[in-house]
Amino acid sequence: MNIASPILNYTSKVKAKINRIIADKDIIGNDNVRGSIYRNIFKGFIRTVNTQESGPYVSGDFPAVGAPFADNQNIYLHFRLPYNINADSKMFWLKIRGYCFGGSQIIDTTAVGYSYAVTKQLLNTQVSSVQTAELYADTNGNVVLSILFPSIYYVTLEVDSMMVGNGTPIKHGMLQVKYSKSNRVVF
Amino acid sequence: MTTHMTEISRYSYSLKKLLDDTAALMKTLRDSNSFRAQDVFRAFIIGTGGPSGVGVTGDMAVDNLGQTNNVYLHLKLPITNAQDKVSFLMRMEGYNYGASKIIDVAWSGGMSEGGLLKSVSGTHPVDVYVDTNGNLVCSIFFTSIYFTTFNVETMCQDDSKRIIRGHLQGKVSLAPQINF
């Protein structure tokens, strides 16, 4: 009798279970249950988006800056949610917290809203933020939250989401980020 | 061979139990077994009557109030006015879709020498009161409670008085104060 195959199969099941336990540590509540909070869905650090201190330099979940900016002043971070007003009728709740060292500011932004495909609109939104922040749909319909940093030098932040209303879980890997000097970008 | 198979079977059962226990323990440690307890109470309220209908999922039921506008939500704490030197901090976060509002409120207070001490703040009108049965109750007012999702966390003065999942009771009403 060959028991190697069942043992390997069993080992992979154990590994999957352990990975599941690790993944669940960031869910406050239960996966796919309304009112549960997903912590750490995005986190990272921006030292500079221009060439000072051998930059640009970012880490964590932040994507590469690409061509360096002329300076670190008045940079928008655009967070693309996994919803599109042309296709998705989903409610959402996001909270971003951190430290904007360059601007000597707390980062504490909460944004709620409803991507509504029937009329292709963002409905019932509210944004509470230390920095100027705005919810908008880009020209492709993607739902985007922008935050304007007076200086993006040494910005550290972390994002949580709550599964609200008819929304779906927004988890790690589902947010996309762009940097710009403009209050609008297109994903 | 049979002995080996029995041993493997026993081993796999033990390992499964260990993993299940570990998962449950991690959740308990994080959510409940500390001064800060998370995910203590959560619900998704669709409506409390009228054109919006009546609906809720989560940790509470709702009565048909005949309307979904101008509704109070009450959370009963496991504290009574017979207790002394007991304090709490409770926070609620969520999305109040019907009023297009973020929910971010805090209630704090406790009993000291027979008197209720309280301090509240946040995005919605909130209050702490003692009902006629002596229960401490935290209330929050919604101009519309339509499609409202929230999660509650607590902090307590010590381990013996912590407020965890299962300790809170929720009700809705049109009156600013009710009795549990």
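**Group meeting: the cavity and the contact between chains A and B**

Okay, so let's start at the largest cavity: β2 (37-48) of chain A, along with β1, β4 and β9 of chain B, each supply at least two residues of its lining. Strands here, and helices too, are DSSP runs numbered from the N terminus (E, at least two residues, for strands; H or I, at least four, for helices).

Before I go on, this is a predicted model, where local features need pLDDT of at least 70, side-chain atom pairs count only at pLDDT 80 or more, and totals for chains, interfaces and linings use all residues. Residues are numbered from 1 along each chain as written, chains are lettered from A in the order written, and side-chain values use heavy atoms, leaving out hydrogens and water.

Back to the cavity. By cavity I mean a set of points, on a 1 Å grid over the protein atoms alone, where a 1.4 Å probe fits but cannot get out; lining residues have an atom within 4 Å of a point. How many cavities of 30 Å³ or more does the rule count? Just one, and the volume of the largest is about 70 Å³, taken as the space filled by probe spheres set on the points, which are joined across faces, edges and corners. Chain A's lining residues are I28(A), I37(A) and R39(A), while the chain B residues include R91(B), M92(B) and E93(B). By class, that lining has four nonpolar, two polar and five charged residues, with Asp, Glu, Lys and Arg as charged, Ala, Val, Leu, Ile, Met, Phe, Trp, Tyr, Cys and Pro as nonpolar, and the others, Gly among them, as polar.

Now the contact itself (heavy atoms within 4.5 Å). Chain B puts in 31 residues and chain A 41. Together they bury about 2,800 Å², 65% of it on carbon and sulfur atoms; that's accessible area (1.4 Å probe) lost on being put together, summed over both.

The rule finds three salt bridges across the interface, meaning a side-chain nitrogen of Lys or Arg within 4 Å of a carboxyl oxygen of Asp or Glu. One of them pairs K17(A) with D20(B), at 2.7 Å, N to O.

On the side of chain B that touches chain A, α1 (2-31), β1 (36-48), β4 (86-96), β5 (101-112) and β9 (148-156) each supply at least two residues. Which gives the most? That's α1(B), with 12 residues. By class, this side has 14 nonpolar, six polar and 11 charged residues.

Last, chain A overall: one helix and 11 strands, with the C-alpha atoms filling a box of roughly 70 × 45 × 30 Å along the principal axes.

Terms used
Buried area is the accessible area (1.4 Å probe) that two parts lose on being put together, summed over both. On a 1 Å grid over the protein atoms alone, a cavity is a set of points where a 1.4 Å probe fits but cannot get out, and a pocket is an open set with protein on both sides within 12 Å along at least five of seven lines; lining residues have an atom within 4 Å of a point.
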